[in-house]
Amino acid sequence: MSSTTAIILATILVISATLIPTYLIGKKQGTSEEDWAVASRSLPIYVVIGTQFASAMGGGILVGHVGNSFTNGISTLIYGFLSCVVFLFIMIPAKWLRRNNFSTVPEILGSFSNQSKFVTVVAAIMTIVVPFGWVTSQITAFGNIYASLTGFDYKLLCLIFCVVSLLFVMPSGLKTVAWTDFIFACFMIFMCIVSVFYVTKLSGGLSVVKENVDPSLLTFDGSIQNVGKVTVLLWIFSILPGGLTNQLYFQRVCAADDEKSVNKSLVISAVLLMLAFSWSVYMGINIKSVNPSIEGSAATGWFMSQLPLPLLAGFAALIFATLMSTVSSGVQSVVVNITRDIIPIMKPGMTEAKILKLSRILSLVTIMVALVLCLYFSDTLGWLVTTYAFSAATLLCPIYVGYLAKDKNFLTREGIVASMIAGAVGCVVGMVLKTQINYAAIGIALSFIALFAVSAMTRKKAN
């Protein structure tokens, strides 16, 4: 059997093993608009953990961070730590979010701004950009990776991937996505464990690795010098704030079946994600020990070329599952912002049946727009970084300061509007002037100042 045939069969097996049980769940329980948006707030803790972990893992850990660790060493753990701390910070408002039955970020900000339509629409737009960026980046990654593995045409692979992605979203929205994520997460963990054993066998163990690699890769001081302190600062001002405004995480908190389990699910999700980043570091450094002559970006691909056929097919299926999980989550998140935040303002009073039908249509439109962009523009990673920055700059302060000050009756609608505008303007100014300070940090700082200054002025005037 050829490697291409094995990869195709393994991928089809993963798709079938995931779709069949989730379709059965959807058929048995039926589908409602609440299922689509927040899984009817019925997800058990193990599914919440699985979908949080699978959505956060993405293709970046399997490919990008293995390559970063290959090149720069253990400093990748700093990136991982920042990604995991996001879950711990979300614990602050988590039970309040679940108790108030929120389903989107604009609904949260609407509760702070007397249901301002302007705040809701702007928040919806700025919330959409991050999951949409995730969708485009994962489609591109799949096309590139599978094209190199199978020799198939990149555009054809992207199209097939988009069609299959819709199968995971269409039945019941978040309910389908969450359960498939849980199954994907179990498979991810299994394959990561298997790959650790195999790469250890290739490298000869830690004692051999220490002899073969540059010692600077194995210490934080040396590794930070390799990656650059400016890059580490960029991580601090993009990964942490961007994650704290990522609606995908909020949705899963709000979809839990028990408020008491929310914080526990976030802690376990953070631990699992940190283990995943530790896996990427271990893989990257071990591959460096065996073959230091390749480029870091090729580390995962080279490792796959060393695997026996069954493991190669399984690892390829792992990449598919990881990318698919992120895409389906991103599409569902984009659609729920449109149907729950924007459509009710433009056309109030739609029936549940019409909203559900519209959700499926919008899923198709979202994935097709993403596909077109991926076919004609390749720098989707650049979009992803920019969308994180703008989302964090416009939403971070209103969400978290709004939560902390919710009982003090201080923030005003005008203050929240000013904060969002100032954050966006700060980002644009930082990008245009190419300031030494990260443009996301400038946006967040201006957003914070505007939030308090304008709220103080408008509150005093109101009194």
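Q: Where in this predicted model is the place of N114?
A: N114 sits in the loop that runs between α5 and α6.

Q: What makes N114 count as exposed?
A: The relative accessible area of N114 is 70%. The term applies to values over 50%, so N114 is exposed.

Q: What is notable about the phi of N114, given that it is not a glycine?
A: Phi of N114 is positive, about 60°. In general, most residues other than glycine have a negative phi.

Q: Which value of phi does N101 have, as a residue other than glycine?
A: Phi of N101 is near 55°, which is positive. N101 belongs to the loop between α4 and α5 (105-112), and this residue follows α4.

Q: Why is N101 called partly exposed?
A: N101 has a relative accessible area of 40%. Buried requires a value under 20% and exposed a value over 50%; N101 is therefore partly exposed.

Q: How do you know that the span of helix α4 is close to the expected one?
A: Helix α4 (residues 76-99) has 24 residues and reaches 36 Å from its first C-alpha to its last, against an expected 34 Å at 1.5 Å a residue.

Q: Where does α4 bend, and which proline follows?
A: The bend, about 55°, is at I92, with P93 following within four residues.

Q: What makes α4 count as mostly covered?
A: Of the 24 residues in α4, 17 are buried.

Q: How many aromatic pairs are there by the ring-pair rule?
A: The count is 18.

Q: Why is the pair of W96 and F102 called tilted?
A: The two ring centres are 5.1 Å apart and the planes meet at 55°. Pairing requires centres within 6.5 Å, while stacked needs planes under 30 degrees apart and edge-to-face over 60. The angle for W96 and F102 meets neither of those limits, so the pair is tilted. Both residues are buried.

Q: What makes the pair of F142 and F161 count as stacked?
A: The rings of F142 and F161 lie 4.3 Å centre to centre, with 20° between the planes. That angle is under the limit of 30 degrees, so the pair is stacked. F142 belongs to helix α6 (residues 117-150) and F161 to helix α7 (residues 154-169), 19 residues apart. Both F142 and F161 are buried.

Q: Which residues do ring pairs link into a cluster?
A: The cluster consists of W96, F102, F112 and Y403. K406 lies over the face of Y403, at 4.0 Å from the ring centre; the distance limit for a charge over a ring is 6 Å.

Q: Which residues have the most contacts inside the largest nonpolar core?
A: They are I90, I139, I287, F315 and F320, in a core of 141 residues. Helix α15 (residues 309-346) supplies the largest share of this core, 18 residues. A second, separate core has seven residues, including I74, V213, V281 and I285.

Q: With which residues is I287 in contact, leaving aside neighbours within four places in sequence?
A: I287 is in contact with V66, F70, V199, I294, A299, W302 and F303.

Q: Why is α15 said to be largely enclosed by the rest of the structure?
A: Of the 38 residues of α15, 32 are buried, so the helix is largely enclosed. Its C-alpha span from first to last is 54 Å, close to the 56 Å expected at 1.5 Å a residue. A kink of about 30° in α15 is centred on T339.

Q: What makes Q52 count as buried?
A: The relative accessibility of Q52 is 0%. Buried means under 20%, so Q52 meets the criterion and is buried. Q52 lies in helix α3 (residues 45-72). Apart from neighbours within four places in sequence, its contacts are F87, L248, Y249, R252, V253, L266 and S269.

Q: Why does I12 count as partly exposed?
A: I12 has a relative accessibility of 45%. This value is neither under 20% nor over 50%, and I12 is therefore partly exposed. I12 is in helix α1 (residues 3-29). The C-alpha atoms of I12 and M191 are separated by 16 Å, with their positions 179 residues apart along the chain.

Q: What makes S148 count as exposed?
A: S148, in helix α6, has a relative accessible area of 60%. The limit is over 50%, so S148 is exposed. S148 and G301 are 8.6 Å apart in space, C-alpha to C-alpha, and 153 residues apart in sequence.

Terms used:
Residues numbered from 1 in each chain as written. Predicted model: local features only at pLDDT ≥ 70, side-chain atom pairs only at ≥ 80, totals over all residues. Heavy atoms only, no water. Core = buried A, V, L, I, M, F, W, Y, C linked by side-chain atoms within 4.5 Å. Buried < 20%, exposed > 50% of the residue type's maximum accessible area, 1.4 Å probe, protein only. Helix = DSSP H or I, 4+ residues; strand = E, 2+ residues; numbered from the N terminus. Contact = heavy atoms within 4.5 Å. Expected span 1.5 Å × (residues − 1). Bend = angle between axes of the 7 residues up to and from the residue. Phe/Tyr/Trp six-rings, centres within 6.5 Å; stacked < 30°, edge-to-face > 60°. Lys NZ or Arg CZ within 6 Å of the ring centre and 35° of its normal.
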